[in-house]
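Reader: Hi! Could you walk me through this one? I'd like to start with a pair of helices and then see what else comes up.

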Amino acid sequence: MPSNPLPRTLGELKASAYTPARVGRSVKDELRDNLIARLRKIAGADEPLFPGIVGYEDTVIPQLVNAVLSRHNFILLGLRGQAKSRILRALTTLLDAQSPYVAGSELRDNPYAPLSKFSKDLIASLGDDTPIAWMTPEERYVEKLATPDVTVADLIGDVDPIKAARSGHELGSELTMHYGLLPRANRGIFAINELPDLAGKIQVALFNIMQEGDVQIKGYPVRLELDVAIVFSANPEDYTARGKIVTPLKDRIGSEIRTHYPESLDEAISITEQEAWTARTYDDAVEGTRIDNIFVPHYIRQIVEQIAFIAREDKKVDKRSGVSQRLPISTMELVVSNAERRALLHGESEVVPRVGDIFAALPGITGKIELEYEGELKGSEAVIREIIRQAVANIYDTYFTDTNTQQIEQWFNLGGSVELNDKQPAKMVFKSLHEIQGLFEKLTPLKVNSRTPVEQAVSAAEFMLEGMTAHKKISRSEARTFTAGEKRRRNEDAANLGERARDRLQERDIEEIARNRTRRGFN
């Protein structure tokens with residue numbers, strides 16, 4: 001709460017620090033002034049300009065700063081899941097904490113320079129007693145998702161015949177207008193997502209507002225010198241395609257800023273860690289729901305992010321659609337949930353996701369990947385399973401490139417097998433894994449030792465077995481039973497086939513000898 005209450009009348013406002021010069025700044029000047037102050041404040045400090053925006057510090061953010069300093073209307077071009085909307089909403093942090101307007105005004109008029117007839121008449125009538133209301137930065141941000149059915153009435157406004165009939169005003173009077181979203185965003189920021197989806201005539205209306213400050217409503221010319229910072233977002237292909245956007249509007253957009261997906265695993269992990277709901281709480285009053293800790297191993301986070309990185313390069317995935325950063329966020333939440341379910345079923349107090357939980361998170365992946373024709377033929381589930389296998393193999397190599405796994409392979413080649421699924425508690429799985437000779441000794445790169453909790457040790461061991469499976473050193477069934485590698489089984493099958501062939505050949509030889517002897521007996 002401020003120490004001094006905000007002015008509530010025009011007279012109080014005139015006597016306050018909210019001078020005509022301060023209140024009368026345009027929105028773009030206000031954004032610029034506050035941005036300059038913010039840049040001065042964080043100079044030399046390890047503090048982000050826009051908290052929550054990760055991975056754009058050296059690419060998008062500098063271009064955005066230049067656009068604001070230049071007082072440009074700008075557009076963000078990027079595929080889905082590249083934080084375009086979040087960046088636009090972050091612009092509200094550059095607005096003043098409080099901004100006064102004439103109470104009751106649909107256009108949120110500046111009390112010192114009202115725009116609408118309503119406010120002008122009210123101030124002429126009440127003078128310094130005119131009531132003043134206040135806007136927060138969030139209230140000064142208006143967002144619209146563009147769709148083909150958006151009309152001029154939605155965006156600009158329309159004549160309201162009912163209002164005209166009740167008030168007795170002519171239809172052409174400003175007081176009979178029902179204002180749309182754009183006029184109601186006056187003295188604020190107006191954001192339009194997916195700009196190319198707007199019909200051509202709507203784009204022309206926007207152009208008129210940006211260039212001339214006037215529009216026509218039902219044939220009545222209305223002069224609206226709006227003070228609005230207009231920002232857009234769009235898919236780059238739609239934006240650059242001919243016929244998707246009218247040239248005059250494109251020409252009036254001051255800056256074109258391209259967004260991108262995270263460029264490194266660490267950036268992607270930071271984004272998912274920030275956005276995914278993994279810090280979960282439990283009701284201690286309900287018996288049996290106690291979970292003491294949720295521990296997500298770093299290699300699990302790496303694999304989840306690697307899935308998105310591989311999918312963006314896979315030829316079976318539609319690159320024009322993109323692979324949203326929401327994919328690893330949703331996947332991570334489902335991975336934790338599957339581990340959580342397993343812990344609750346077996347009465348365990350620690351939740352530790354495993355690689356198997358990533359395969360259980362397929363529903364969070366299939367809906368976020370658009371496939372090319374080749375991928376459709378193969379099937380989405382098969383494509384995604386192969387992508388997960390590649391991700392596991394890549395991350396496995398970062399930890400175990402120089403690790404000799406022959407002892408583990410030999411154990412499986414001698415007929416050993418182990419089943420890892422959600423039906424068994426971690427302690428039982430841990431006991432089964434200890435039968436594999438040399439397995440836990442090889443987990444040093446994952447910092448697993450005798451003091452490591454059982455759940456974490458089991459997760460690390462499964463990661464190693466899954467990595468060996470991805471490299472075809474051992475095999476795993478759909479029931480998650482690990483056995484000898486496919487090559488070993490093929491060799492055994494070939495040997496068995498050779499033995500059976502020799503047996504059949506010997507049987508034929510014996511039969512032939514018997515037949516020959518029978519023929520000689522008749523001679």
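**Helix contacts, cores and two loops**

Author: Happy to. In helix H14, Ile300, Arg301, Val304, Glu305, Ile307 and Ala308 meet Leu327, Pro328, Thr331, Met332 and Val335 of helix H15; contact means heavy atoms within 4.5 Å. This is a predicted model, where local features need pLDDT of at least 70 and side-chain atom pairs count only at pLDDT 80 or more, while totals for chains, interfaces and linings use all residues. Residues are numbered from 1 along each chain as its sequence is written, and side-chain values use heavy atoms, with hydrogens and water left out.

Reader: Which classes of residue make up the contact of H14 with H15?

Author: There are eight nonpolar, one polar and two charged residues.

Reader: And at what angle do the axes of H14 and H15 cross?

Author: At roughly 140°, and the axes come within 9 Å. H14 covers residues 298-313 and H15 covers residues 326-345. The two are therefore oblique to each other, a label for angles that are not under 35 degrees (roughly parallel), over 145 (roughly antiparallel) or 65 to 115 (roughly perpendicular).

Reader: New topic: which residues touch the most other members in the largest nonpolar core?

Author: Phe412, Leu433, Phe463 and Leu465, out of 58 residues in that core. A nonpolar core is a set of buried Ala, Val, Leu, Ile, Met, Phe, Trp, Tyr and Cys residues joined through side-chain atoms within 4.5 Å. Buried means under 20% relative accessible area, exposed over 50%, and partly exposed in between, using a 1.4 Å probe and protein chains only.

Reader: Which helix gives the most to this core?

Author: H19, with nine residues.

Reader: What is Leu433 in contact with?

Author: Leaving aside neighbours within four places in sequence, Leu433 contacts Val418, Leu420, Leu439, Phe440, Val458, Ala461 and Leu465. There is also a second, separate core of 33 residues, which includes Ile192, Leu206, Ile230 and Phe232.

Reader: Cool. Switching to loops, where does Arg187 lie?

Author: Arg187 is in the loop between helix H9 (181-184) and strand E7 (188-193). Its phi is near 65°, a positive value in a residue other than glycine.

Reader: Is Arg187 buried or exposed?

Author: Arg187 counts as buried, because its relative accessibility is 7%.

Reader: And what about the phi of Glu194?

Author: Glu194 is not a glycine, yet has a positive phi of about 60°. Glu194 sits in the loop between E7 and helix H10 (200-211). At 25% relative accessibility, Glu194 counts as partly exposed.

Definitions and conventions. Axes are lines fitted to C-alpha atoms, for helices over the stretch in contact, and angles run from 0 to 180 degrees between N-to-C directions. Helices (H or I, at least four residues) and strands (E, at least two) are DSSP runs, numbered from the N terminus. Ala, Val, Leu, Ile, Met, Phe, Trp, Tyr, Cys and Pro count as nonpolar, Asp, Glu, Lys and Arg as charged, and the others, Gly among them, as polar.
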